[in-house]
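I opened this notebook to keep track of what I looked up, taking the sheet before the metal site and the core.

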Amino acid sequence: MKITVIRKAHFNAAHRLYRKDWSMEKNDTVFGLCNNPNFHGHNYEVEAHVSGPIDPETGFVIDLKILKEILKKEVHDRFDHKNLNEDCEEFFELNPTAENIAVVIYKLVKNKLDSKFDLKIRLYETNRNFVEVVA
Ligand code: NI
């Protein structure tokens with residue numbers, strides 16, 4: 001039986017969606033308000049879904065203290081109160097869409113997890129707009 005343990009994390013960050021190799025006009029057409037040159041912010045909510053069997057000794061799939069610490073270091077401390085485009089090297093050449101942010105978070109968290117676990121990342125950019133990454 002596979003059980004899923006879910007931990008939430010949160011960060012506030014600014015971003016701008018645009019391509020340097022496109023004109024302002026084309027960026028406006030494709031990205032609309034998200035191409036504001038002065039950036040804009042979101043309250044991002046992240047869910048890390050970690051699946052695996054229950055360890056019969058502990059009764060845990062994963063110790064939530066471990067998952068909490070991974071999300072704090074790899075998500076909150078890395079991205080909170082940052083300008084994703086300008087402060088975070090992950091997005092120097094990568095458009096910080098919800099999709100791309102979720103993929104970056106997936107890789108950062110996956111890298112710190114025991115390989116026996118399956119991972120899904122859900123990232124909310126707003127209450128109504130969210131994306132999921134499952135590899
Ligand atoms: Ni935005």
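Two strands pair if DSSP finds at least two bridges between them, and I wanted that rule in hand before reading the sheet of what is a predicted model. With it I looked at β1 and β3, which run parallel and are joined by two bridges. Within this part of the sheet I noted that Ala13 stands opposite Lys82 in β3.

I then traced the whole sheet, which is open, has five strands in the order β3-β1-β2-β4-β5, and shows mixed pairing. Its edge strands are β3 and β5, each of which pairs on one side only.

Next entry, the metal site. Which protein atoms are the donors of the nickel ion? I found NE2 of His15, NE2 of His40 and NE2 of His42, lying 2.0 to 2.1 Å from the ion. Along the sequence these donor residues follow the spacing H-x24-H-x1-H.

I checked the exposure of each donor in turn. His15, which I located in strand β1 (residues 3–15), has a relative accessible area of 0% and is therefore buried. His42 also counts as buried, because its relative accessibility of 16% falls under the 20% cut-off. His40, at 21% relative accessibility, counts as partly exposed.

I stayed with His15 to list its surroundings. Its side chain makes a polar contact with the side chain of His42 at 3.2 Å, and a polar atom of the His15 side chain lies 2.8 Å from the backbone oxygen of Pro96. Leaving aside neighbours within four places in sequence, I found His15 in contact with several residues, among them Phe39, Tyr44, Leu84, Asn85 and Glu125.

Phe39 led me to the backbone angles. Most residues other than glycine have a negative phi, and I therefore marked the exceptions as I met them. Phe39 is not a glycine, yet has a positive phi of about 70°; this residue is found in the loop between α1 (24–31) and β2 (40–52). His81, likewise not a glycine, has a positive phi of about 60° and is found in the loop between α2 (64–79) and β3 (82–83). With a relative accessible area of 63%, His81 is exposed.

Last entry, the interior. Which residues of the largest nonpolar core touch the most other members? Of its 33 residues, I noted Phe11, Phe79, Ile105, Val109 and Leu123 in that role. At least two residues of this core are supplied by each of β1, β2, α2, α4 (98–112), β4 (118–124) and β5 (130–134), and the largest share, eight residues, comes from α4.

I followed α4 further, and found that its 15 residues reach 21 Å from the first C-alpha to the last, close to the 21 Å expected at 1.5 Å a residue. The buried residues of α4 are Ala98, Ile101, Ala102, Val104, Ile105, Tyr106, Leu108 and Val109, and I saw that they pack against β1, β2, α2, α3 (84–87), β4 and β5.

From the other side I looked at Leu123, whose contacts, leaving aside neighbours within four places in sequence, include Ala98, Ile101, Ala102 and Ile105, together with Phe11, Tyr44, Val46 and Phe130.

How values were computed:
Residues numbered from 1 in each chain as written. Predicted model: local features only at pLDDT ≥ 70, side-chain atom pairs only at ≥ 80, totals over all residues. Heavy atoms only, no water. Helix = DSSP H or I, 4+ residues; strand = E, 2+ residues; numbered from the N terminus. Buried < 20%, exposed > 50% of the residue type's maximum accessible area, 1.4 Å probe, protein only. Polar contact = N/O pair within 3.5 Å; in protein donor to acceptor, adjacent residues only side chain to side chain. Contact = heavy atoms within 4.5 Å. Donors = N, O, S within 2.8 Å, 3.2 Å for Na, K, Ca; no water. Core = buried A, V, L, I, M, F, W, Y, C linked by side-chain atoms within 4.5 Å. Expected span 1.5 Å × (residues − 1).
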